[in-house]
Amino acid sequence: MKNTLSPEQLAGILEIADNAIVCTDEAQRIVFFNQGAERIFGWRAAEVIGQELAVLIPPRFRAGHGRHMAGFRSGEQQARNMGERGAIYAVRKDGSEFPAEASISRSHTARGWLMTAILQDISERQAYERALEAAKEKAEAAMQAKSMFLANMSHEIRTPLNAVIGMTSLLLNTGLDEEQRDYTETIRHSGEALLAIINDLLDYSKMEAGRLDIERHPVDLRRCVEDALDLLAPAVGGKDIELACVIEPEAPATILADAARLRQVLVNLLSNAVKFTRQGEVVVEVAAAPLEGQRHALRITVRDSGIGIPAHRLDDIFESFTQVDPSTTREYGGTGLGLAISRRLAAIMGGALSVESRLGAGSRFTLAFEAEAVGAGLARDLLQDRSGQLAGRRLLIVDDNATNRRILVRQALLWGMEAVAAASAAEALDLVRHGQAFDAAILDMHMPEMNGEQLAAEIRRAEGQGAGLPPLPLLLLTSLGQRARAGAVDGLFAAALNKPVKPAALFEALLHAMGGARPAPVPELPAPAAGIDILVAEDNTVNQKVVKQLLRHLGHRADIVANGVEALEAMERQDYGVILMDMQMPEMDGIEATRRLRRRFRGASAPWIIAMTANALPGDRERCLEAGMDAYLPKPVVLEELRRALAAGIGAVAVRRRAPEAVDPARLRELRGAAGGNDGVLEEVIAAFLDGVPPLLARAGQAIDAADGPLLAATAHYLLSSIDCVGAGRMRVPCLNLELLGKADNVEGARAELAALAREFEGAREALRAYLS
Ligand code: ADP
């Protein structure tokens, strides 16, 4: 339908429209100028009617505009928007320019072509947008600055703090009395606590700045969970807490994920659970449901029977720096960052972290995320090929904790065993006394009324009165810190297993117990290596924590630095025996740091360097060893591998550091062998040495007096071969130093070395004489 407005009505509307409406004729002369246009341009209609449109266009745009209009006139198009994205510019009567949005149309009239431009002044909107953009940029910059500041501060604080911790650990190796040791330990612990807080802050600032990213590699789900539990076992300490772990048999064995981050979340949740639970249980459960293809929905739950969280605070605890009851900080410690960081990590994994809890009844934290399975292996496949070896056997399980019973029964069923569970020692004894036959029994150590050890003794007594069947093989379950009496395990049990029980270890123990053969003894935690200090160079705070906790679990204390430069500094300060060195670090990477360390520290002071690297590429190992590293650990670092690498390193360093004997008996035996067992020849060699050294020492003294470097070097060099001939090991270092000083023409420092050499010669003389007699 056509417009039904009269021309007068239309003209009225055009006049009062808010926008500028300007019409021109074919010659670009203005023929219509409404009130909106008057307001926006500052011209009266009467002033511009008949003028060229160019008066409304800033001079520098006129030529372009003319071309544009010509093109539009001759084109097919009837209407177009101008400055849709960018603005066009117009000019007011007073000469000021302003940005505008315009649409333009053409229509054919009886008097020829009519162009109509509708214009809107957008300077305000643009100013507003600009201000908004600037504010946004400013906020982002401020945010960035804050994060940078936090990161820098953390770094700045960490550097002196590392020195404090390093120095106190040095101090602890000196002769301190009880009281001084106590003070020093306190400084050390406080320093470490402070470092942990700063590392949390660093993690946090990295997240704020969006610089926290996640890696994806195949992760052994069971091992990841078991590692986290291993780390927490010592924290349970003397508490009356059962630590348990259930992994659904249908869960994929291996997923694509970030093992270190996953473990960090688990460790955070577990340490909270242990921290806020006085008694009862802390249980990790892993469940999985298949999605399309290889994807699985995973749910890892950590539940405890602790103090719980009031309903109205359930959301708050995920906020940074928030604790349910600030007064608990005094009792339990903590920064209130753990859960905030964990939730962010969960989000970065594409998942979510949630909580259910009831005050006084415990809490349940659930990490839900999706991950791709690698291969078709399932958690239950562990030992599947060999499970036939246990099938059909009858197993008695005695534990007062229901969760533990459930886990053990389930595991036994998976292996095809027939399992009977008893909730108390009395119940178990009943079963045994009434002639129930079992192939093996698992006894929990920690039970009320009668503990596992007492129960074992009772079982043996009952057997003594019976029909003379072979004794029932018994396995003992203990928690760290609740060990059985020394010797008890030997007499009564085929093996003792630490809780939480790992299926692989249980399988082996059962097999050996029933087969009669003793399982290899569960390796005891190695004692902290006396006098061999460990340094960890690792920039990632997550990994720092993990490695540190793994080391702590192995009974070692370690100092931590964040890059190669810091590692070199630390090494100047303190004689670290073993260095765990990350390959990729800012400032100076592990390869370069190793090269420099190798140049700087030789002989007895050379550290044992273990490389840690995430990208286990084929050439990595070679690259590390080439740079002078002694061993290689792929990341994520796992307990067993670390234990092995550390044992090798500590052993090597201990040997390297053991002061050489005055005379090496092995060398003397060798000499004697070379002489065909003829003691006369050996005596001659020794006598030649004892007679020959004093004149050489005298000549070295003369060379020093005469400041004759080359003579000193030559004399020392000659002496060295005699020293090596009889194996007078302690004379080597001062003699070598003399040679070096002589070569460097530095005879000043040589006097002290010569005195040391003379002293060591006395020792060697005595040892050799003793050997001869
Ligand atoms: P913190 O370092 O203080 O433990 P988190 O962010 O890990 O910081 O936890 C925040 C607070 O949430 C804790 O201080 C505690 O009040 C509460 N909370 C966390 N986990 C538990 C739990 N398992 N049981 C009871 N309270 C908990």
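This report looks at two sheets, the helices packed on them, and some aromatic rings in a predicted model.

## The parallel sheet

Let's start with the sheet built from strands later in the numbering. How many strands does this open sheet have, and in what order? There are five, running β20-β19-β21-β22-β23, and their pairing is parallel. The two edge strands are β20 (558–561) and β23 (631–634). Each of these has a single partner strand, so one side of each is left without a neighbour in the sheet. Going from one strand to the next, the twist averages 20 degrees.

Zoom in on one pairing inside this sheet. Strand β19 (residues 533–537) and strand β21 (residues 576–582) run parallel and are joined by five bridges. If you want to find a bridge by eye, look for A537, whose partner in β21 is M581.

## Helices on the parallel sheet

Which strands does helix α18 lie across? Helix α18, made of residues 590–600, lies across β21 and β22 (608–613). Its direction is at about 155 degrees to β21. Helix α19 (residues 620–627) also packs on the sheet, where it touches β22 and β23. The direction of α19 makes about 145 degrees with that of β23.

## The mixed sheet

Now for the other sheet. This one is open and has five strands, in the order β8-β10-β11-β13-β12, with mixed pairing. Which strands stand at the edges? They are β8 (240–247) and β12 (352–358). Each has a single partner strand, so one side of each has no neighbour in the sheet. On average, neighbouring strands here are turned by 15 degrees against each other, if you ignore direction.

At the β12 edge, seven bridges join β12 to strand β13 (residues 362–372), and these two strands run antiparallel. As a place to look, try S354, which stands opposite T366 in β13.

## Helices on the mixed sheet

Helix α7 (residues 221–236) packs on this sheet and touches β8, β10 (279–290) and β11 (295–304). Its direction makes about 180 degrees with that of β8. Helix α11 (residues 402–414) lies across β8, β10 and β11, and runs at about 30 degrees to β8.

## Aromatic rings

A search of the whole structure turns up six aromatic pairs. One of them is F33 with F41: their ring centres are 6.0 Å apart and their planes are at 45 degrees. Why does this pair count as tilted? Planes under 30 degrees apart would be stacked and planes over 60 would be edge-to-face, so an angle in between is called tilted. F33 is buried, with a relative accessible area of 2%, and F41 is buried too, at 1%. Together with F98, F33 and F41 form one aromatic cluster.

Another pair is F689 with F761, which is edge-to-face, with 6.0 Å from centre to centre and 65 degrees between the planes. F689 lies in helix α22 (residues 679–705) and F761 in helix α25 (residues 750–772), so this pair ties together parts that are 72 residues apart in sequence. Buried or exposed? Both F689 and F761 are buried.

## Charges over rings

Finally, two arginines are worth a look. R343 lies over the face of F318, 3.7 Å from the ring centre. R600 has its charged end over the ring of F601, at 5.0 Å from the centre of that ring.

Technical notes:
Residues are numbered from 1 along each chain as its sequence is written. This is a predicted model: local features need pLDDT of at least 70, side-chain atom pairs count only at pLDDT 80 or more; totals for chains, interfaces and linings use all residues. Side-chain values use heavy atoms; hydrogens and water are left out. Two strands pair if DSSP finds at least two bridges between them. Helices (H or I, at least four residues) and strands (E, at least two) are DSSP runs, numbered from the N terminus. Axes are lines fitted to C-alpha atoms, for helices over the stretch in contact, and angles run from 0 to 180 degrees between N-to-C directions. Contact means heavy atoms within 4.5 Å. Rings of Phe, Tyr and Trp (its six-membered ring) pair if their centres lie within 6.5 Å; planes under 30 degrees apart count as stacked, over 60 as edge-to-face and the rest as tilted. Buried means under 20% relative accessible area, exposed over 50%, partly exposed in between (1.4 Å probe, protein chains only). A charge sits over a ring if NZ of Lys or CZ of Arg is within 6 Å of the ring centre and within 35 degrees of the ring normal.
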